[in-house]
Amino acid sequence: MKKVSLAMAGLLIAATAPFAAAQKLNACGATFPDPIYEKWFSDYGKAHKGVRINYQPNASGAGVKGVQDGTVDFGASDMPMTPEEMAAVKGKKILHFPTVMGAVVPIYHIDGVTQELKFTPEVLAGIFLGTINKWSDKRLAADNPGVKFPNEDIVVVHRTDSSGTTFVWTDYLSKVSPEWKSKVGAAKAVSWPTGQAGPQSAGVTGLVKQMPNSIGYVELIYALQNKMGYGLVKNSSGNFIKASIESVSEAAASAVKEMPADFRVSITNAPGKNAYPVSTFTWLLIPDKFEDKAKGAVVKAFLQWMLADGQKDCAALQYASLPKAVVAKEAQQIAQIQ
């Protein structure tokens with residue numbers, strides 16, 4: 001009996017050794033999902049003694065660069081890596097794991113205006129192009145009857161950093177405005193035609209709160225946490241839609257049917273009567289090979305937990321949970337991590 005017990009103890013030590021050897025992981029990237037990532041990494045660490053995942057929300061561009069340079073164990077981005085970015089990673093493949101879905105919303109601070117505003121694609125593109133530069137513009141008034149807009153200049157606020165949120169916003173504008181697509185385009189960082197810049201989501205939110213007659217774009221959770229007014233956006237079906245868990249989920253519904261094997265997909269301006277048009281998945285960027293096998297084991301275990309237990313936290317933080325079909329496909333992809 002004693003020999004059997006010793007043998008079992010040896011097997012137990014061998015099974016738990018990988019986790020004991022790799023308790024600390026470093027990650028960085030997107031600010032969009034930071035509120036839920038902070039909760040997930042904290043909760044996972046509490047439930048798995050000794051495991052600690054340090055996450056730095058320093059923008060999607062930093063998350064991509066981190067996995068390219070190997071300075072982090074994994075990254076995060078609101079924009080899928082481009083083929084060129086993926087090719088720059090030598091000796092391994094970067095796997096994209098969608099984690100949650102969310103919305104980017106237009107936030108505003110306008111003197112004397114307390115109503116919930118409506119924005120058409122044409123007006124949003126015009127404002128960020130600088131061709132609509134007064135709040136008293138008749139096109140805004142037409143969509144918002146009864147609102148007394150001031151005859152003041154519109155102050156545009158955008159991100160300074162290489163940002164996945166910027167990609168989502170400019171990806172949407174590129175789909176709805178040929179002029180935006182030809183003059184500016186969609187990217188994590190663009191040459192803005194007008195406006196002032198703030199670092200990360202917190203910086204944009206702070207500037208809009210401080211500056212009268214300003215407008216910017218942030219993730220829904222940042223607007224809610226900071227009690228900022230945010231607008232309804234007219235979707236591809238011609239309906240003005242407010243960002244919500246339900247309207248984001250509807251935006252994803254069409255993409256889920258044709259989800260590519262690598263999960264790199266855009267759901268901005270998606271079809272659907274009640275689909276919110278500036279919706280997105282956000283991704284963890286995971287190498288398919290870890291030199292430290294113990295770290296790879298921890299990452300795989302976390303991803304399994306995230307797809308099961310972690311999704312339950314989405315609604316409380318105003319994210320939409322992943323569709324079941326996407327969860328099932330991701331669960332299979334975890335096996336590719338070595």
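Which residues does Thr-166 touch, not counting residues up to four places away in sequence? The legends below take up this question first and then turn to other close-up views of the model, which is a predicted one.

**View 1. Thr-166 and its contacts in helix α7.** Thr-166 belongs to helix α7, which spans residues 164–176, and its relative accessible area of 1% means that it is counted as buried. Leaving aside residues up to four places away in sequence, Thr-166 touches Arg-159, Ala-187, Lys-188, Trp-192 and Tyr-217. One of these contacts, Arg-159, also takes part in a salt bridge with Asp-161, in which the closest N and O atoms are 2.8 Å apart. Arg-159 and Asp-161 are both buried.

**View 2. The buried residues of helix α9 and the elements they pack against.** In helix α9, which covers residues 200–210, the buried residues are Ser-201, Gly-203, Val-204, Thr-205, Leu-207 and Val-208. These buried residues pack against the strands β4 (94–109), β6 (155–159), β7 (196–198) and β8 (214–219), and also against the helices α7 and α10 (220–225).

**View 3. A salt bridge within helix α2.** Among the 12 salt bridges that the structure holds is the pair formed by Asp-43 and Lys-39, whose closest N and O atoms lie 3.0 Å apart. Both residues sit in helix α2 (residues 34–47), where they are 4 residues apart, or about one turn of the helix. An α-helix has 3.6 residues a turn, so residues three or four places apart point the same way. Asp-43 is partly exposed at 24% relative accessibility, and Lys-39 is likewise partly exposed, with a relative accessible area of 33%.

**View 4. The salt bridge between Arg-139 and Asp-137.** The side chains of Arg-139 and Asp-137 meet in a salt bridge with an N to O distance of 2.9 Å. Arg-139 counts as partly exposed at 41% relative accessibility, whereas Asp-137, at 15%, counts as buried because the cut-off for that class is under 20%.

**View 5. Ala-59, a residue with a positive phi.** Although Ala-59 is not a glycine, its phi is positive, at about 95°. Ala-59 is placed in the loop between β2 (52–56) and α3 (60–69), and at 1% relative accessibility it counts as buried.

**View 6. Gln-318, a residue with a positive phi.** Gln-318, which is not a glycine either, has a positive phi of about 65°. The loop that holds Gln-318 runs between α12 (293–308) and α13 (324–333), and Gln-318 is partly exposed there, with a relative accessible area of 29%.

Methods. Residues are numbered from 1 along each chain as its sequence is written. This is a predicted model: local features need pLDDT of at least 70, side-chain atom pairs count only at pLDDT 80 or more; totals for chains, interfaces and linings use all residues. Side-chain values use heavy atoms; hydrogens and water are left out. A salt bridge is a side-chain nitrogen of Lys or Arg within 4 Å of a carboxyl oxygen of Asp or Glu. Helices (H or I, at least four residues) and strands (E, at least two) are DSSP runs, numbered from the N terminus. Buried means under 20% relative accessible area, exposed over 50%, partly exposed in between (1.4 Å probe, protein chains only). Contact means heavy atoms within 4.5 Å.
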